[in-house]
Amino acid sequence: MAKKKRYKQNQSWFQIKAKGSQKAEIYIYGDIGENWWEPEKSNTAENLIDELGELKGKDITVRINSFGGSVVDGIAIYNALKRHDGVVDVAIDAVAYSAASLIAMAGEKVVMAENALLMIHAPLMSWVTGNAERMRSVADILDKYADAMVSSYLRDGGPDESTVSGWLKDGEDHYFTAAEALEEGLIDSVTDAVDVAASLHSFNMRGYATPLLHPAAVVAAHKPSPEGPTMAKKTEPAATPKPAAPATPVNAADPQNQPDLADGNVVAIENAAYARRDAQVKARNDEILPIFALHVGKPGMSELKDQVLGDPAITTDKARAMILDQLGQGTEPLNQVHPHIAAGVDARDKNIEAKTQALLSRVSHEDQDRQNPYRGLTLHEMARMSLEESGTPVRGMSPVEFAPIALNPVLAMQTGSDFQVVLENTLHKMVLAGFHAQKSTYQRIAKMGNVSDFREWNRLVPGLVGNLDGVDEHGAYKDKTLPDAVKNAIKVSRTGNIIGVTPEVIINDDLGYLEDMSTYLGGAGPITIDRAVYALIESNPNLSDGHPLFSTEHGNLAGSGAAPSVSTLDAAGVAMAGQVAPGDDAVELDIEPDIALCHRGLRGQMYEVVNAEFNDDTSKNQRKPNRVRGIVSDIVSTGRLASNAAWYLFANPSIAPVIEVAFLNGQREPRVSMEESFRTSGMSWKVELPFGVAAIGHHGGFKNPGQ
């Protein structure tokens with residue numbers, strides 16, 4: 001069975017024509033590899049190489065008319081052509097830019113039409129996201145690609161390695177006419193001009209630093225006759241170009257008044273390109289001028305108008321944004337010094353509340369209110385309504401145009417749009433829902449504390465100061481001092497993550513993404529604290545006296561490990577009761593255990609020992625009461641402990657705390673704050689929960705390593 005030719009269905013950039021039994025032609029006409037702008041036309045190097053395998057032993061002429069494309073595909077095609085067991089020649093019919101110029105170097109003989117162009121530049125990536133280190137790493141990767149490409153341009157009699165490396169790394173687009181390419185040694189000869197048709201509009205021009213308006217740069221997309229142009233030897237003079245035909249007037253707005261460009265009339269080609277550009281600029285100006293007319297006499301608006309009309313590269317969308325920015329110049333929020341005092345809730349607050357409720361009801365966080373006028377609105381519909389309510393001119397704009405405006409904090413301040421506030425309220429409520437839905441256990445073991453900044457705060461354990469002293473012989477009260485050994489410190493650190501809201505999220509109405517990110521980040525808060533508490537307990541840190549939290553020096557570590565039982569729990573309780581106060585008093589504190597902590601795998605055994613009526617360790621015929629029944633009021637079991645054998649007893653943390661979890665200024669729930677995201681033209685909401693975990697005392701805890 002003949003091999004199926006996969007490229008036929010979505011053919012877009014190459015075609016193979018066999019001639020006789022020993023000769024074939026490959027036309028590379030179009031973007032090479034992945035087609036980013038029209039994915040349905042994508043066709044990678046694999047397809048061409050598959051077809052190339054069927055030409056084994058044949059001589060090949062590769063005809064190129066391409067603005068380039070994927071560097072990876074270009075390298076693969078170059079290597080496949082170099083491996084081919086027949087003679088491979090290359091003819092540049094019109095343009096060979098970027099990756100196409102690399103493929104052109106695979107020819108044993110490379111010829112170029114006298115009206116064609118060749119361009120070499122550094123490999124580029126169309127977009128990249130990430131932090132600064134990610135950006136730098138991508139730049140390094142692009143340099144590696146450039147290094148790998150250098151050898152392909154080192155032809156006999158051609159440029160040296162240093163010159164090629166410069167072309168591939170200096171960030172410039174290096175254009176060569178046929179004569180210049182011949183002089184540089186990049187090609188072997190120049191042929192007569194090829195009759196081609198202009199189709200600049202069909203090529204993707206993104207990624208090129210230099211605008212292409214020269215007639216030779218707009219030739220494309222018309223295959224030469226089957227016989228092809230006559231190859232000129234390198235030693236022969238190039239054919240004299242034919243005189244250009246008189247220019248044909250071009251009216252880009254009238255499809256019936258277009259020149260016949262198939263005759264190679266380069267003047268007409270150039271005029272057509274300029275006419276298309278002028279028509280586009282006129283269409284843009286027709287949209288922009290009425291907007292400027294609304295703001296005649298505003299400061300700086302006349303200068304901005306001249307700037308926009310003088311720069312054809314400024315799009316209509318960008319011009320609108322520039323106008324809004326100019327309108328906001330020099331404006332400041334009113335009443336900056338004296339706060340505005342309002343009684344009750346104003347109309348704007350009610351609108352924000354209604355919009356927030358409408359979004360929350362869409363993700364089932366609140367019941368749907370059928371009286372809510374914003375019920376059922378998509379994100380981009382709500383963004384448009386918020387902008388219109390604030391008086392922002394968005395009529396006629398698509399979501400792609402107004403979504404970035406709705407997410408711009410400067411414009412929101414200037415226009416009074418409440419959309420960002422609505423998003424922040426919605427995200428905050430979903431974050432809190434995720435926070436409270438997540439099960440955590442650290443609150444049952446640790447003391448909850450507060451600090452006002454990020455420095456270290458000393459902790460003097462309350463309830464461990466021994467007896468109150470009587471007055472002295474003069475009737476004065478005595479000072480109570482504690483040794484430094486019981487002063488342990490705690491410090492709060494910032495934790496959090498970012499929720500990014502891009503214009504695409506608004507355009508696509510991806511409220512589900514926002515819900516998932518918010519609830520997951522909210523739920524991550526208690527999980528993070530839980531893990532920090534249990535990791536600290538199991539790390540057994542040193543206290544300020546230099547001894548580990550659980551140690552023989554502190555009298556709170558079992559001499560040998562054993563499973564929970566009546567006898568081991570009783571021994572732990574006796575040890576805790578025997579703890580003495582610090583300082584000169586040294587009186588027994590008689591601390592009672594209140595909480596048992598163990599791995600989830602020990603929970604059943606711990607529960608049986610603590611709640612059994614009788615001591616099952618004794619003879620069934622002489623059953624004794626369980627002397628540790630109810631020794632603790634709470635059994636905390638968790639899979640977040642690494643050891644499934646060790647177990648602990650803790651006193652009530654309000655009496656004899658061992659572990660403290662401190663929060664910044666009493667903030668015990670995640671907080672959502674807004675900041676502009678310059679990377680995405682959107683907004684970012686920071687979900688943060690600053691907290692710290694520390695061991696602040698040893699008297700209220702006991703550890704048995706288990707077995």
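**Exercise 1. In which sense do β11 and β20 pair, and over how many bridges?**

Let's start with the two strands in this predicted model. Strand β20 covers residues 659-664, while β11 spans 447-451. The two run in the parallel sense, and their pairing extends over 5 bridges. For a spot to look at, find N450: F663 in β20 stands opposite this residue. As background, strands of a sheet pair through backbone hydrogen bonds, either parallel or antiparallel.

**Exercise 2. Work out which strands lie at the edges of this sheet.**

Begin with the order, which reads β11-β20-β23 in an open sheet of 3 strands with mixed pairing. Now look for strands that pair on one side only: these are β11 and β23 (691-695), so to speak the rims of the sheet. Next, check the twist: on average, neighbouring strands of this sheet are turned by 30° against each other, direction ignored. Finally, add the helix α17 (residues 511-539), which packs on the sheet and touches β20 and β23. The direction of α17 makes about 20° with that of β23.

**Exercise 3. Is R155 buried or exposed?**

First, place the residue: R155 sits in the loop between α4 (132-150) and α5 (161-169). Then take its relative accessibility, 13%. The cut-off for buried is under 20%, so R155 counts as buried at 13%.

**Exercise 4. Which residues does R155 touch, leaving out those up to four places away in sequence?**

Go through the contacts in two groups. One holds M105, G107, E108 and V110; the other holds G185, L186, I187 and D188. With L186 there is a further detail: the R155 side chain reaches the backbone oxygen of L186 at 3.4 Å.

Key: Residues are numbered from 1 along each chain as its sequence is written. This is a predicted model: local features need pLDDT of at least 70, side-chain atom pairs count only at pLDDT 80 or more; totals for chains, interfaces and linings use all residues. Side-chain values use heavy atoms; hydrogens and water are left out. Two strands pair if DSSP finds at least two bridges between them. Helices (H or I, at least four residues) and strands (E, at least two) are DSSP runs, numbered from the N terminus. Axes are lines fitted to C-alpha atoms, for helices over the stretch in contact, and angles run from 0 to 180 degrees between N-to-C directions. Contact means heavy atoms within 4.5 Å. Buried means under 20% relative accessible area, exposed over 50%, partly exposed in between (1.4 Å probe, protein chains only). A polar contact is a pair of N or O atoms within 3.5 Å; within protein, one must be able to donate a hydrogen and the other to accept it, and residues adjacent in sequence count only if both atoms are side-chain atoms.
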